[in-house]
Amino acid sequence: MTLPNKNKLIFNFNQCSSWEEKYLYIIELGEKIPIISSDLRHSKNMIAGCQSQVWIKITPNPDSTVVFEGDSNSVIVKGLIAIIFILYQNLSMSDIIILDIKYWFNQLSLTQHITPTRSQGIEAVIKSIHRSIKILSKNT
């Protein structure tokens, strides 16, 4: 299974007639996150600042894009991570840094429907991705 692109995400999200359907779609997205590495759930990939356990691994491509892998012990959080990965899909490292994820979460009405602790966790995920991207871009 693969994640949809950003346009398909927005289209599918807008087709949901209720917030319950959107939650189910978020969970479905989380189930589609590709896990390539057997060592994904390693402490070096764990994101600090999340109430749930979250692991993210970023692997650079030669064209300055990256491959994301992620997992969480929470199905909703894993789905929210999938949405972040979709929004970052096929972007260069520099474009990932400047993309405003909050804007897209607002466009999908996610900000108003996720709990404050999940919002803080998502912010921790985004900050961690940005730190990793900055380190990777210096090393390439």
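## Ser109 and Ser64: positive phi in loops

In this predicted model, Ser109 has a relative accessibility of 24% and therefore counts as partly exposed, since that class lies between the 20% limit for buried residues and the 50% limit for exposed ones. Ser109 is located in the loop between H5 and H6. Its phi is near 60 degrees, a positive value in a residue that is not glycine.

Ser64 also has a positive phi, of about 75 degrees, and is likewise not a glycine. The loop that holds Ser64 runs between S1 and S2. With a relative accessible area of 30%, Ser64 is partly exposed.

## Helix H6

Helix H6 comprises 24 residues, from 116 to 139. At 1.5 Å a residue, a helix of this number of residues should span 34 Å, and the C-alpha atoms at the ends of H6 are 35 Å apart, so the expected and modelled values agree.

The buried residues of H6 are Gly121, Ile122, Ala124, Val125, Ile126, Ser128, Ile129, His130, Ile133 and Leu136. These buried residues pack against two strands, S1 (54–60) and S2, and against the helices H3, H4 (93–98) and H5 (101–107).

## The largest pocket

The largest pocket has a volume of about 270 Å³. Its lining is made up of 14 residues, and those that lie nearest the centre of the pocket are Leu3, Pro34, Val67, Phe68 and Gln89. Two elements give two or more residues to this lining, namely strand S2 (66–72) and helix H3 (75–88). The largest share, three residues, comes from S2.

By residue class, the lining of the largest pocket contains nine nonpolar residues, five polar residues and no charged ones. Strand S2 thus appears in two settings: S2 contributes to the lining of the pocket, and S2 is among the elements against which the buried residues of H6 pack. Helix H3 is likewise named both for the pocket lining and for the packing of H6.

## Cysteines

The structure holds zero disulfides. Which class of accessibility applies to Cys16 and to Cys50? Cys16 has a relative accessibility of 14% and so counts as buried, the limit for that class being under 20%. Cys50, with a relative accessible area of 18%, is also buried because this value falls under the 20% limit.

Definitions and conventions. Residues numbered from 1 in each chain as written. Predicted model: local features only at pLDDT ≥ 70, side-chain atom pairs only at ≥ 80, totals over all residues. Heavy atoms only, no water. 1 Å grid on protein atoms, 1.4 Å probe; cavity = no way out; pocket = protein on both sides within 12 Å on 5 of 7 lines; lining within 4 Å. Points joined across faces, edges and corners; volume = space filled by probe spheres on them. Helix = DSSP H or I, 4+ residues; strand = E, 2+ residues; numbered from the N terminus. Nonpolar A, V, L, I, M, F, W, Y, C, P; charged D, E, K, R; others polar. Disulfide = S-S within 2.5 Å. Buried < 20%, exposed > 50% of the residue type's maximum accessible area, 1.4 Å probe, protein only. Expected span 1.5 Å × (residues − 1). Contact = heavy atoms within 4.5 Å.
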